[in-house]
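Take a walk through this chain, strand by strand. Start with how its sheets are put together, then turn to how far the model can be trusted.

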Amino acid sequence: MIFNISHEWLPPFQLRGVLLSSCKIENGFPHWLQNQRKLEALALSNASLYGLLPTWLQNMPRLFYLDLSHNKLIGSLINLPFSKSTSFLLLQNNLFDGSIPRSVCRRRWLAILDVSSNRLSGNIPDCVENLQNMEILILCSNGLSGVLPSSLGNIYLSLEWLKLNDNNFNGQIPQDLGKLRYLEVLDLGNNEFSGNIPKWIGNYTELSILRLHKNNFTGGIPHSLCKCSNLHILDIAHNNLTGSIPHCFGELSGMHTVTEYLQQDYENITVIDLIQVMKGITLDYTTTMGLVVNMDLSSNKLTGEIPVELTALASLMGLNLSHNHLSGSIPDSIGNMKALTSLDFSDNQLRGTIPPSMAALNFLSWMNLSHNNLSGRIPTGNKLQTLTDPSMYAGNRDLCGAPLPNNCSNHENPPATTSKKKHKNANEPKNVWFYLDITCGFATGFWGIIGVLAFKKEWRRKLFMIAEVTMDKVYVAVAVKISKIKRGREA
C-alpha cells in the first residue's frame with residue numbers, strides 16, 4: 001500500500017494510534033502527525049522513511065509506543081520523544097549515528113530500547129541506571145566502544161534481555177553485572193572483552209541464552225556456569241579458554257528435556273534475533289530461537305577428554321567442540337543424544353574408534369570428525385548412510401570403510417587388537433612368576449654347591465682330584481684316538 005499525502009494536509013480528527021508498518025510512505029516523514037496531540041502509538045516500520053527525525057517528534061506529549069525500525073532514517077537520536085510515559089522505542093535497522101544521548105536516561109518508564117544495526121558510536125552513558133523499568137536493552141551491531149558502565153548492574157529489578165553483541169566494547173565484565181538476577185538473555189558476542197569469565201555468572205539462575213562468542217576471554221570455564229540450569233543456548237566459542245570441559249555440564253536441565261518456545265512477552269512488538277553456527281554455517285534465528293538447543297565451545301584451547309556426562313543432554317540439537325586440543329575417545333554413549341542434528345569434533349586429538357551407537361542418531365544431518373587420530377571401521381546404518389561426504393573423515397589415516405575409498409580388509413581390526421592387548425596384559429603376571437622361579441632355582445643350586453665347597457676343604461680337594469683324574473682320562477683317550485688315525489693313514 002502506498003500513502004502519498006501532501007505536507008499541507010491537516011486532518012480534522014485526533015488519533016490515538018497510527019499503524020502504517022510495511023506501507024510505502026512517500027514524501028518523507030508524515031508532517032500531518034505533528035498535530036496529533038493525543039497520539040499514543042506510532043508504528044511506521046519498513047515504511048520507506050528517510051532523512052532526519054523531525055524536531056516536533058520530541059514534543060509528542062502522550063506517545064507511549066514508537067516503532068520506526070527498518071527504514072533509512074539518519075542523524076542523531078536527539079529528537080526522540082521526550083514524553084516520560086514513553087515505554088517502547090524501536091529504532092533498529094536504520095542509519096542513525098552519533099552517541100546515545102543522555103536524554104534517553106530521563107525516560108524512566110522505558111521498558112524496551114532497540115537501536116541495533118545502526119551506526120552509533122561512543123560509550124554507554126553512566127546514567128543508564130536511571131532506567132529502572134528497562135526490561136529489554138538491545139544495542140547490538142553498532143560501533144559502540146569502551147568499557148561497560150558498572151551502573152548497568154543497578155537495573156537488577158527489571159532487566160531480562162541484554163544484547164550488546166557486534167560492537168567494540170573492551171575490558172572485563174563489571175562485577176556489578178552479577179546483580180542482574182532476572183537476566184534471561186545475555187549476548188556479548190563479537191566484542192573485545194577480556195579476562196576470565198566471572199564465577200558470579202552462576203547467579204543468573206534464570207538465564208536461557210548465554211553468548212560470549214568471539215572475544216578475548218581467558219582462563220577456564222567456571223563450574224558455577226552449571227548453576228544456570230535453564231540454559232538452552234551456550235556459545236563461548238572463539239576465545240582463548242583453557243582447561244577441561246566441566247563434567248557438570250551434564251546437569252544443564254534446559255538441554256535435557258524438549259523445550260517449548262522461549263517466553264517472549266514482546267514477540268508482537270519486536271523480533272529478537274540470535275546468530276548461531278550450526279551445520280558448519282552461520283544461521284540467524286528469530287521466531288524459532290526458543291526451539292534451538294545448542295552448545296558451542298569451539299575454537300578455544302580446551303584440553304582433556306569429552307565428558308561422558310554430555311551425552312545425557314538428550315535435547316541438544318547442536319554440539320560443536322571443534323578446533324580445541326581434546327584427547328581421548330568419543331564417548332560410547334553418544335547415541336543417547338537423540339536430538340542431535342549437527343555434530344562437530346574436528347581438529348582435535350581424539351583417538352580410538354567411532355562408537356557404533358552413532359548410528360542411532362536419527363536426526364543427524366551434518367557431522368565433521370576430520371583431522372583427529374580416529375581409527376577402525378566407520379559405523380554404518382540408519383542416518384549415517386546418508387552422510388556420504390568423505391571430507392567429514394579427512395585427516396584420520398587409520399579410518400576405513402564407506403564413504404572413504406580405503407577398504408577395511410587392508411586394515412587391522414582395532415577391537416581385535418585391543419582384545420589381544422588385553423589378553424597379553426592378562427598373561428603378563430604369569431610370565432613374571434615363571435621367570436622368577438627360574439632365577440630363584442638357579443641361584444639356589446649355584447650357591448648351594450659353591451657355598452659347600454667354600455666351607456668344606458676336604459670336599460674341595462676331592463672335587464679337584466676327581467676333576468684332574470677325569471681330565472687325564474679324557475686326554476689319554478683323545479691321544480690314543482689321534483695316534484690310531486695317523487697309523488691308519490701311513491699304512
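Two strands count as paired if DSSP finds at least two bridges between them. Keep that cut-off in mind for what follows. The model is a predicted one.

Take one pair to begin. Strand β13 covers residues 143-146, and strand β15 covers residues 168-171. They run parallel and are joined by 2 bridges, so they satisfy the rule of at least two. Glycine 146 has its bridge partner in β15: phenylalanine 169.

Now widen the view. This pair belongs to an open sheet of 10 strands. Its order is β5-β7-β9-β11-β13-β15-β17-β19-β21-β25, and the pairing is parallel. Where does the sheet end? The edge strands are β5 (50-52) and β25 (301-302). Each of them pairs on one side only.

A further open sheet has 3 strands, in the order β28-β30-β31. Its pairing is parallel. Strands β28 (351-352) and β31 (398-400) stand at its edges. Each has a single partner strand, so one side of each lacks a neighbour in the sheet. β28 is joined by 2 bridges to β30, residues 373-377. Arginine 351 has asparagine 373 as its bridge partner in β30.

How confident is the prediction? The mean pLDDT of the chain is 83, and 77% of its residues reach 70 or more. Over residues 259-270, pLDDT is below 50. That stretch still has 33 contacts in the model beyond near neighbours in sequence. Residues 412-424 also stay under 50. For them the model has 4 contacts beyond four places in sequence.

Technical notes
Residues numbered from 1 in each chain as written. Predicted model: local features only at pLDDT ≥ 70, side-chain atom pairs only at ≥ 80, totals over all residues. Heavy atoms only, no water. Helix = DSSP H or I, 4+ residues; strand = E, 2+ residues; numbered from the N terminus. pLDDT = per-residue confidence, 0-100. Contact = heavy atoms within 4.5 Å.
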